[in-house]
Amino acid sequence: MNRSEPATTSNARVEADGSPCAKCGHVNSRNANVCEKCQAHLWVVCHHCGKRNRRSDNSCVECGHRLHRSMWRRVAKRLTGDRRNISVWQIVLLIVVVWCAFKVVIYFAEYSPPSPE
Ligand SMILES: [Zn+2]
Ligand SMILES: [Zn+2]
């Protein structure tokens, strides 16, 4: 009952011929992280198992997890990225707006028709 797996199947990945750029098609050296021609990132790390994959691949060679985010995820990341670039004056402005809103709420909460004395 011995399951003898040939060792060659695990090394089926084609890494010997370098890393082709997903953007411009330039074949870079195997150890290159970015494209020598257009500086695009050649590798993408799998979010599921951490395996480093070629950017040109659509799914992880290790676990089959999808490597590239969907469009709405990219948009969401862009939105949160913009929010992270918030500056001090924007925070001050936010505080002022919240304070004004608070004041208005308090004004209406405390407002009561003048009672005859
Ligand atoms: Zn390139
Ligand atoms: Zn994976």
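**A guided tour, beginning at helix H2**

Of the 23 residues of helix H2, the number buried is 0, so this helix lies largely in the open. Please begin by selecting residues 88-110, which make up H2. The model on the screen is predicted, and H2 is where its confidence is highest, at a mean pLDDT of 92.

While H2 is selected, consider its length. What span should its 23 residues have at 1.5 Å a residue? The expected value is 33 Å, because the rise is counted over one less than the number of residues. The end C-alpha atoms of H2 are 32 Å apart, which agrees with that expectation.

Next, select residues 71-84, which form helix H1. Here the mean confidence is 68, the lowest in the chain. Now colour the whole chain by pLDDT: its mean is 79, and 73% of the residues reach 70 or more. Then select residues 7-15, where the pLDDT is below 50. Beyond near neighbours in sequence, this stretch has 2 contacts in the model. Where pLDDT is low, the predicted coordinates should not be read in detail.

Now display the chain as a cartoon. How many helices and strands does the chain have? There are 2 helices and 4 strands, and along the sequence they follow the pattern β-β-β-β-α-α. Of the 117 residues in the chain, 5% count as buried. Among contacts with a separation of 6 or more, 6% are made by residues 24 or more positions apart.

The next stop is the loop between strand E2 (27-28) and strand E3 (43-45); select Lys37, which has its place there. Is Lys37 buried or exposed? Lys37 is partly exposed, because 13 other C-beta atoms lie within 10 Å, whereas a residue counts as exposed at 12 or fewer and as buried at 20 or more.

Which residues does Lys37 touch, leaving aside those up to four places away in sequence? They are Cys21, Cys24 and His26. Add Cys24 to the selection: Lys37 and Cys24 are 13 residues apart in sequence, and their C-alpha atoms are 7.9 Å apart in space.

Finally, select Gln39, which is also found in the loop between E2 and E3. Gln39 is exposed, because 10 other C-beta atoms lie within 10 Å. Its backbone deserves attention as well: phi of Gln39 is near 65°, a positive value in a residue other than glycine. Most residues other than glycine have a negative phi.

Technical notes
Residues numbered from 1 in each chain as written. Chains lettered and ligands numbered in written order. Predicted model: local features only at pLDDT ≥ 70, side-chain atom pairs only at ≥ 80, totals over all residues. Contact = placed C-beta atoms within 7 Å. pLDDT = per-residue confidence, 0-100.
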